[in-house]
Amino acid sequence: MAISNARMSMCWRMKSRSRSRGFTLLELLVAIAIIGILAAIALPMYGDYVMRGKIAEAVGTLSDQRNKMEQFFLDNRDYTLACQGGSSAAPPVSPTVKYFTYTCSNLSGTTYTITADGVAGQGMGDFHYTINQSGTKATTGLPAGWAGTGSQCWVLKKDGSC
């Protein structure tokens, strides 16, 4: 009886070893399906995250340019020459940074509008933001799928929140 138990025990150990040598096809397919589901969720969210990071350039530069315009007005009591750049007295209001280009319009002695237009080659071509002498922020253009075009704020997220 002891011999037969030893044989059964040895036979059982050999069978259990032969079963644990790798993964079954079903286990592999389940793992691939889980990875696929996670990728389908994560990649679009990552793309939105990157786009929001690019929008930060426009918001920061527009705020900086507004401060420069106000400083110019305090020094000169006039906005008319503020967007010419080039001289040390006038702030450069039309730099091209990586994701947006900046232009100045509606210039008069007491008014201006600075616009940030997204660079199409960087995937930001549909984004358009403005600010004026009153500090009024506006979103004048957004890509399809984004809410908030025409908002009196700078839309920072896809859901239209500022």
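Two strands pair if DSSP finds at least two bridges between them. Strands here (E, at least two residues) and helices (H or I, at least four) are DSSP runs, numbered from the N terminus. The model is predicted: local features need pLDDT of at least 70, side-chain atom pairs count only at pLDDT 80 or more, and totals for chains, interfaces and linings use all residues. Residues are numbered from 1 along each chain as its sequence is written, and side-chain values use heavy atoms, with hydrogens and water left out.

**Stop 1: the sheet**

Select strand 2 (113–118) and strand 3 (128–132). They run antiparallel, and five bridges join them. Look for T115, which stands opposite T130 in strand 3.

Now add strand 1 (100–105). Strand 1 pairs with strand 2 over six bridges, again in the antiparallel sense. Here S105 stands opposite T113 in strand 2.

Add strand 4 (137–141) to complete the view. The four strands form an open sheet in the order 1-2-3-4, with antiparallel pairing. Which strands lie at the edges? Strand 1 and strand 4 do, each pairing on one side only. On average, neighbouring strands are turned by 20° against each other, direction ignored. Axes are lines fitted to C-alpha atoms, for helices over the stretch in contact; angles run from 0 to 180 degrees between N-to-C directions.

Color strand 2 by accessibility. Buried means under 20% relative accessible area, exposed over 50%, and partly exposed in between (1.4 Å probe, protein chains only). Five of the six residues of strand 2 are buried, so this strand is largely enclosed by the rest of the structure.

**Stop 2: helix 2**

Select helix 2 (25–76). Helix 2 lies across strand 1, strand 2 and strand 3, and runs at about 30° to strand 1. Contact means heavy atoms within 4.5 Å.

Pick N67, which sits in helix 2. Is N67 buried or exposed? N67 is exposed, with a relative accessible area of 51%. Measure from N67 to Q133, C-alpha to C-alpha: the two are 9.9 Å apart in space and 66 residues apart in sequence.

**Stop 3: the core**

A nonpolar core is a set of buried Ala, Val, Leu, Ile, Met, Phe, Trp, Tyr and Cys residues joined through side-chain atoms within 4.5 Å. The largest one has 23 residues. Select L62, M69, F100, A116, F127 and Y129, the members that touch the most others. Helix 2, strand 1, strand 2 and strand 3 each supply at least two residues of this core. Helix 2 gives the most, with six.

Center on F127. With a relative accessible area of 1%, F127 is buried. Leaving aside residues up to four places away in sequence, F127 touches M51, I55, F100, A116, D117, G118, G141, L142, P143 and W146.

**Stop 4: the aromatic rings**

Show the rings of Phe, Tyr and Trp (for Trp, the six-membered ring). Rings pair if their centres lie within 6.5 Å; planes under 30 degrees apart count as stacked, over 60 as edge-to-face, and the rest as tilted. How many aromatic pairs are there? The count comes to five.

Go to F73 and Y79. This pair is stacked, at 4.6 Å centre to centre and 25° between the planes. Y79 counts as buried, at 4% relative accessibility.

Return to F127 and add W146. This pair is edge-to-face: 5.1 Å centre to centre, 90° between the planes. The pair links distant parts of the chain, 19 residues apart: F127 is in the loop between strand 2 and strand 3, and W146 in the segment after strand 4. W146 counts as buried at 11% relative accessibility. Widen the selection to F100, F127, Y129 and W146, which form one aromatic cluster.

**Stop 5: the disulfides**

A disulfide is a pair of cysteine sulfur atoms within 2.5 Å. The structure holds two.

Select C83 and C104, joined with 1.8 Å from S to S. C83 lies in the loop between helix 2 and strand 1 and C104 in strand 1, so the pair ties together parts 21 residues apart in sequence. C83 counts as buried, at 16% relative accessibility.

Finish at C153 and C162, joined with 1.6 Å from S to S. C153 is buried too, with a relative accessible area of 18%. Counting bonded cysteines along the chain, the disulfides follow the pattern 1-2, 3-4.
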